[in-house]
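Thanks for coming, everyone. Please bring the structure up on your screens, and I will walk you through it.

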Amino acid sequence: MNVAAVPVERVAEQRTTVRRERIRLLLRSPTFIAGAVIVGTWVVCAIGGTHLTPYDPFATDPLNRLRPPSARHLFGTDQLGRDVLSRVVAGARGILIVAPLATLLGTVAGTALGLVTGYFRGVVDEVLMRLVDAFRALPVVIVGMLGLVALGPSTVTVILVIGIVFTPIVARPVRAAVLTQRGQEYVQAARLRRERAPYILFVELLPNVLAPVLVEFTVRLGYAIFATATLSFLGFGIQPPAPDWGLTIFEHYGFISGGYWWPVLFPALAIASLVVGVNLVSDGTSQALER
Amino acid sequence: MTRFLLRRLLLALVTLWLLSLIVFLAANLLSGDVGRRILGPFADPRAVASLNHRLGVDRPILVQYLSWLGGALHFDFGNSLSYREPVSGLLGRALVNSLKLGAVAFVIVVPLGILGGVVAALNRGRFLDRLITVAGLSATVVPEFVSGIVLIILLGITLRLLPITAQAPDGSGPLTQVYYLIMPALPLVLVLFGYLARIARAGMIEALEADYTRTAVLKGLPQRTVIFRHVMRNALLPTIAVVATQTGYLIGGLVVIEFIFNYQGIGQLLYTAAEHKDFPLLQAGVMVVGVVYLTATLLADLAYSLLNPRIRHGAAS
């Protein structure tokens, strides 16, 4: 393609048209719309927080413990008399803060790892990749348990654990991208200019491997929500009296056999809808980008 | 092919060794004063020192690691701090239970996933295809404890279709045990179904569009023969390879499911170990999990190379 023959304004125009076309495709995709609606609802709940809840999510009412769903309490009350609907709405904020933060941590660390191993190769690469493989053999939950033992259960533990587990997973595609890029001329030119390694890594290589990084981020976000909920459910993560969904299920799960299904079912459906929504969005996005 | 396998085995062993190092270091850096924790804050310092000496935790860390590694190679992982029993016995029983659960889940999900993928591929682009794909995708992302609890509420309590305790009464035959294991296996099935169906579908589509399929059709073979004798074999190749790589998710799911159903498997054991800071048990358990995962991926590579003659006879370089 003879770039010199095409005026710069024309190229820029074409790029904007392509982008607009992609966005239009995206907005027509039913998967994307469905997912966006679901996620959007929860984001609104997260932002609105206690302003949107009919009752205070922390207000206990011991006289009205475990009341079934009714006109006054649409989702019923929990074991301390708190309104379940309010707690479900308020719980969106916790998970929508923790999961993206954890994903960010994992993506940043993983990108750094991928850049270093992909660029330097040799012994450093081999050793780090073996360590990465060793870490990948451990599921999130198991690492979560080790984290629990080390740091005690808390929100920070969850973020750190998920971030650590995601780092090797993100590192792989980044490393692969770096391996293809390092032979390119601009890298060699930078080296001939006697640029130092950190400069080459972060100023030259990083912008060119951003595409797989962004894709990994969106994919990992879905898994992060999954993992956050699971770790909270096992008692490793967000602590009471936070209205976290996983935690609520953990607290009330023993009551199911007594027939008290509502404090458990509604947070469970909330989690399910959020993860499905996020995945529909990322699926719709990747479909639109493919065309 | 033997060279390829040997190399894979060697890599797996190196990874396993690194894993043991990581796990051991993590456990020991976290354990703090073991003797003090067992005897409590009011115990006499001399008693604490004596207990530490008896447990061997006052030796330098390298010595402890080598001694543990030596024991591990004989399947002797020391004694559990909370159960006061040899770890290997506890682990052995728990592993067998978990394997039973995993086997039931496997036996259900593999045929189901393949069937789903094949049906989706044969109806490509139409409603059935979209239904299976979207349903599979949605089921995959729902955490196991969510689907497990919803299933318990729906099938176990409201409809009373299946028992909600996973443990069959002592002395039951294998069929009864399987019956009790169906309920806990279902969340695992849901999580794995989507991915399997997607891979089977992709493999099937690729096989349907291949030249050899056209040849078979043009030869005049009936559609059933074409599908079952030519298409399926090639379509299922990637599926089988993929099945073993899902072991990681399976194990993670096991912890949650065993927790919900109070099933004495390895997930439950690890959870208790983590809660009570029972480091010998935790170390050994995590190692076992790692071994299972690495074995599964190794077997997957082996199966793939066996089924794909191109790899078996050495790829033409």
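Start with helix H7 of chain A, residues 185-192. This helix is hardly covered. How many of its eight residues are buried? Zero. Right after H7(A) comes Arg194(A), with a positive phi near 65°. Keep in mind that this is a predicted model. Every value I quote is computed from it.

Now step back to chain A as a whole. Chain A has 10 helices and zero strands. Read from the N terminus, the elements go α-α-α-α-α-α-α-α-α-α. The C-alpha atoms of chain A fill a box of roughly 75 × 45 × 25 Å along the principal axes. Chain A has 291 residues, and 45% of them count as buried. Next, the contacts within chain A. Take those with a separation of 6 or more: 71% of them are between residues 24 or more positions apart.

Let's look at one helix pair in chain A. H8(A) meets helix H9 of chain A, residues 245-252. Their axes come within 7 Å and cross at roughly 30°. An angle under 35 degrees counts as roughly parallel, so H8(A) is roughly parallel to H9(A). The crossing is right-handed. Which residues of H8(A) meet H9(A)? They are Ala229(A), Thr230(A), Ser232(A) and Phe233(A). On the H9(A) side you find Trp245(A), Gly246(A), Leu247(A), Ile249(A) and Phe250(A). By class, this contact has six nonpolar residues, three polar and no charged.

One residue to click on next: Asp125(A). You will find Asp125(A) in helix H4 of chain A. Is Asp125(A) buried, exposed or partly exposed? Count the C-beta neighbours inside 10 Å. There are 16, so Asp125(A) counts as partly exposed. Being buried would take 20 or more, and being exposed 12 or fewer. What does Asp125(A) touch, if we leave aside neighbours within four places in sequence? Thr117(A) and Phe120(A). Now find Arg175(A). Asp125(A) and Arg175(A) are 50 residues apart along the chain. Their C-alpha atoms are separated by 9.6 Å.

On to chain B. Chain B has 14 helices and zero strands. Chain B has 317 residues, and buried residues make up 38% of them. The box around the C-alpha atoms of chain B is roughly 90 × 60 × 35 Å, again along the principal axes. Take the contacts in chain B between residues at least 6 apart in sequence. Of these, 69% join residues at least 24 apart.

Here is a helix pair from chain B. Helix H8 of chain B, residues 174-208, packs against helix H11 of chain B, residues 247-261. The axes are 9 Å apart, and the angle is about 150°. Over 145 degrees counts as roughly antiparallel, so that is how H8(B) runs relative to H11(B). This crossing is right-handed. H8(B) brings Pro184(B), Pro187(B), Leu188(B), Val191(B) and Leu192(B). They meet Tyr249(B), Leu250(B), Gly253(B), Ile257(B) and Phe261(B) in H11(B). That contact has nine nonpolar residues, one polar and no charged.

How do the two chains meet? 34 residues of chain A are in contact with 34 residues of chain B. On the chain A side, four helices give two or more residues each: H4, H5, H8 and H10 of chain A. Which of them gives the most? H10(A), with nine residues. The chain A side divides into 28 nonpolar residues, three polar and three charged.

Last topic, the nonpolar core. The largest one has 157 residues. Residues with the most contacts inside this core include Met145(A), Ile162(A) and Val275(A), along with Leu196(B) and Leu270(B). H8(B) supplies the largest share of this core, 18 residues. Now zoom in on Val275(A). Not counting residues up to four places away in sequence, Val275(A) touches Gly222(A), Ile225(A) and Phe226(A) in chain A. In chain B, Val275(A) touches Val141(B) and Val142(B).

That is the tour. I'm happy to take questions.

Technical notes. Residues are numbered from 1 along each chain as its sequence is written. Chains are lettered from A and ligands numbered from 1 in the order in which they are written. This is a predicted model: local features need pLDDT of at least 70, side-chain atom pairs count only at pLDDT 80 or more; totals for chains, interfaces and linings use all residues. Two residues are in contact if their C-beta atoms, placed from the backbone, lie within 7 Å. Ala, Val, Leu, Ile, Met, Phe, Trp, Tyr, Cys and Pro count as nonpolar, Asp, Glu, Lys and Arg as charged, and the others, Gly among them, as polar. Axes are lines fitted to C-alpha atoms, for helices over the stretch in contact, and angles run from 0 to 180 degrees between N-to-C directions. Angles under 35 degrees count as roughly parallel, over 145 as roughly antiparallel, 65 to 115 as roughly perpendicular and the rest as oblique. A crossing is left-handed if the near helix is turned anticlockwise from the far one by less than a right angle, and right-handed if clockwise. A nonpolar core is a set of buried Ala, Val, Leu, Ile, Met, Phe, Trp, Tyr and Cys residues joined through C-beta atoms within 7 Å.
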